[in-house]
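Please read the following walk-through with the coordinates open, taking one region at a time. Where does the chain hide its side chains, and where does it leave them open to the surroundings?

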Amino acid sequence: MPENVPDGAPTLFVPTRWQGYLDEAAAKGDASAYRHYWVLCTLLALRDGLRSGDVYVPGSRRYDNPAACLFKPAQWEDHRFEFCRLVGKSPDFSETLPQVMDELDEALTDLEKVLGRGDGLVRLNDAGELVISPLTAEDIPSEAEELHTELERMLPNVPIASLLVEMDRHTGFLDCFTHAGGKQARSPQLKRNLIACLIGLSTNLGLHGMAASCGIPYDVLAWIAEWYIREETLREANIVLVNYHHKLPMTSAFGSGTLSSSDGQRFPTRGKSITARDLNKYFVQEGISTDTHGVTLVNFALFDLVGKQLSPRIRDLGKITLYRMGAKAQYEERFPTAGPLLTKKANPDLVADHWDDLLRLAGALKYGHATASLIVGKLSASSRQNALAAALKEYGAIRRTIYAAKYLSDSTYRRKIARQLNKGESLHALRRQLHYAREGKVTRRQPEQQNEQAWCLTVVTNAVVCWHTEYFALSVDEMRGAGREVDAKVLAHISPARSQVVNYYGSITVDYERELAQLDERGHRPLRTLTVDEAGL
């Protein structure tokens with residue numbers, strides 16, 4: 001053994017692609033080179049171990065033992081029955097397995113019918129490979145675009161500061177911003193200053209830029225941001241806005257509220273930041289990504305275990321590995337066209353061995369004992385030796401196969417998913433429109449500051465969505481009152497994140513009391529009046 005590396009030092013952790021370098025250095029007797037390669041491999045293994053949780057640092061917020069986030073066995077005994085009832089899962093995998101197999105069979109039966117036709121949007125080519133043609137671009141009917149244009153013409157033009165005053169009048173969301181030191185007295189100018197801070201941070205003007213725009217001294221805004229604007233208060237304000245939006249009559253026209261578009265959004269940064277990484281596909285510089293592992297096997301498993309359905313739009317769906325629950329010959333006999341696509345056999349025994357631990361993991365997420373981002377990150381990065389992660393990924397592979405078969409066999413389902421994701425894209429567009437200053441580049445470097453700025457953007461975005469939803473409802477009511485028929489199915493395609501009536505730019509005046517005085521007794525501004533031609537009458 002070369003000097004400087006102890007005799008018997010382990011090398012099993014060395015990746016195959018690096019092993020040759022160590023062997024070559026050892027053969028040449030080059031102790032220095034061997035030491036450098038061995039130390040480098042050790043550091044790489046330590047990094048990967050910290051990411052996956054195979055190696056942990058007690059007491060660390062980010063790198064503590066993942067098991068510390070879960071229910072202890074005694075706690076789980078008290079929660080197991082109630083959790084299984086909530087999510088509709090049996091604590092006994094022998095009861096769950098037949099249900100999963102039936103789901104897979106049903107999905108494959110539908111897929112077999114689609115592939116059997118041989119000429120649809122989903123078909124096999126001569127080589128037996130899956131071909132998935134894109135759906136036709138009829139997702140948003142022309143009637144919806146026309147209606148959206150008409151509704152937008154009726155909305156009052158409003159500066160962003162005025163919009164926030166109005167939404168506070170309806171929701172009181174600014175009352176969620178409490179003093180970090182417990183101070184109870186609230187000055188008459190507090191709400192004005194809070195609105196200025198929210199606009200400055202959400203638009204990326206910053207507090208200096210906002211002070212120059214609105215005339216409120218920078219030191220006043222900096223003091224407000226320091227004592228009132230923090231993640232805790234921003235979360236509470238956001239909850240108030242979301243709950244208010246949920247109660248608005250028009251909200252149900254946009255959807256049932258049981259679907260959520262959770263696509264990530266990237267923002268460029270200026271300078272170095274520990275939360276940024278190079279994304280050359282999108283930026284020459286660096287970027288912050290709010291996207292997480294959207295289509296990993298871990299996510300498919302966890303979504304199902306907490307009683308939800310993950311419905312992503314998977315890139316290269318025809319190339320992913322699909323799993324069967326039995327012998328290859330058996331599946332190919334039952335599903336002659338779809339069966340050969342299932343190239344790998346699942347291991348339900350592995351899932352059965354760890355089923356209670358999988359439920360305990362999901363229970364920790366359901367009851368808030370652990371954050372999804374922490375658990376997903378750890379388990380997605382876990383090594384093959386981590387039995388719990390392996391069982392979770394195995395179950396996720398089964399769930400992803402069931403989802404893929406359903407997705408491929410039902411064009412209506414695919415359109416539904418695409419429509420929901422398109423709504424998410426409209427929110428991305430609104431955030432980009434809001435976050436306009438400094439070319440949209442995030443300049444704050446500390447993670448806590450970046451997190452607060454992101455929360456400010458979320459709060460203001462949701463305030464804009466609430467305002468549009470409320471005024472779209474007023475406009476529709478006025479149309480119907482004038483004898484105009486407005487189809488509810490067409491309304492479902494309208495996005496409350498799209499309009500040109502809110503002004504985010506130029507000098508910003510924040511006068512809370514004057515803005516309130518412009519509202520009617522219901523807290524609304526007058527709609528603009530359409531001409532007969534514009535109203536379609």
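With a relative accessibility of 3%, Asn204 counts as buried. The model in view is a predicted one, and in it Asn204 occupies the loop between α7 (190-202) and α8 (206-214). The backbone there is also notable for its phi angle, which is near 75° at Asn204, a positive value in a residue that is not glycine.

From this loop we can turn to the aromatic side chains, among which a search of the whole structure finds 18 pairs. One of them joins Trp355 and Tyr395 in an edge-to-face arrangement, with 5.5 Å from centre to centre and 70° between the planes. This pair links distant parts of the chain, since Trp355 belongs to helix α15 (residues 355-366) and Tyr395 to helix α17, 40 residues apart. Trp355 is buried at 2% relative accessibility, and Tyr395 is likewise buried, with a relative accessible area of 1%. Elsewhere, Phe71, Trp76, Phe83 and Tyr367 form one aromatic cluster.

Charged contacts come next. Side chains of opposite charge can pair when their charged atoms come close. The structure holds 21 salt bridges, including one in which the side chains of Lys89 and Asp304 meet at 2.7 Å, N to O. Because Lys89 lies in the loop between α3 and α4 (93-117) while Asp304 sits in helix α12 (residues 297-305), the pair ties together parts that are 215 residues apart in sequence. Lys89 counts as buried at 15% relative accessibility, and Asp304 is buried as well, at 11%.

A further salt bridge is formed by Arg334 and Asp105, whose closest N and O atoms are 3.1 Å apart; it links helix α13 (residues 328-334), which holds Arg334, with helix α4, which holds Asp105, across 229 residues. Here Arg334 is partly exposed at 41% relative accessibility, whereas Asp105 counts as buried at 16%. In the salt bridge between Arg230 and Glu232, the closest N and O atoms are 3.6 Å apart. Arg230 is buried, with a relative accessible area of 17%, but Glu232 counts as exposed at 52%. Salt bridges with shared partners also join Lys89, Glu103, Asp304, Arg399 and Lys406 into one network.

The surface itself carries patches of two kinds. Asp102, Glu106, Asp110 and Asp410 gather in a patch of negative charge, and of these Asp410 is found in the loop between α17 (387-409) and α18 (411-434), where it is partly exposed at 32%. Val39, Leu43, Leu46 and Val55 instead make a nonpolar surface patch of about 300 Å²; Val55 lies in the loop between α2 (31-52) and α3 (73-87) and is partly exposed at 31% relative accessibility.

Notes. Residues numbered from 1 in each chain as written. Predicted model: local features only at pLDDT ≥ 70, side-chain atom pairs only at ≥ 80, totals over all residues. Heavy atoms only, no water. Patch = residues over 30% accessible without salt bridge, like charges linked within 9 Å, V, L, I, M, F, W, Y side chains within 5 Å. Areas by Shrake-Rupley, 256 points an atom, 1.4 Å probe, with all protein chains shown as cover. Salt bridge = Lys/Arg side-chain N within 4 Å of Asp/Glu carboxyl O. Lys, Arg positive; Asp, Glu negative; His and termini not counted. Charge placed at Lys NZ, Arg CZ, Asp CG, Glu CD. Helix = DSSP H or I, 4+ residues; strand = E, 2+ residues; numbered from the N terminus. Buried < 20%, exposed > 50% of the residue type's maximum accessible area, 1.4 Å probe, protein only. Phe/Tyr/Trp six-rings, centres within 6.5 Å; stacked < 30°, edge-to-face > 60°.
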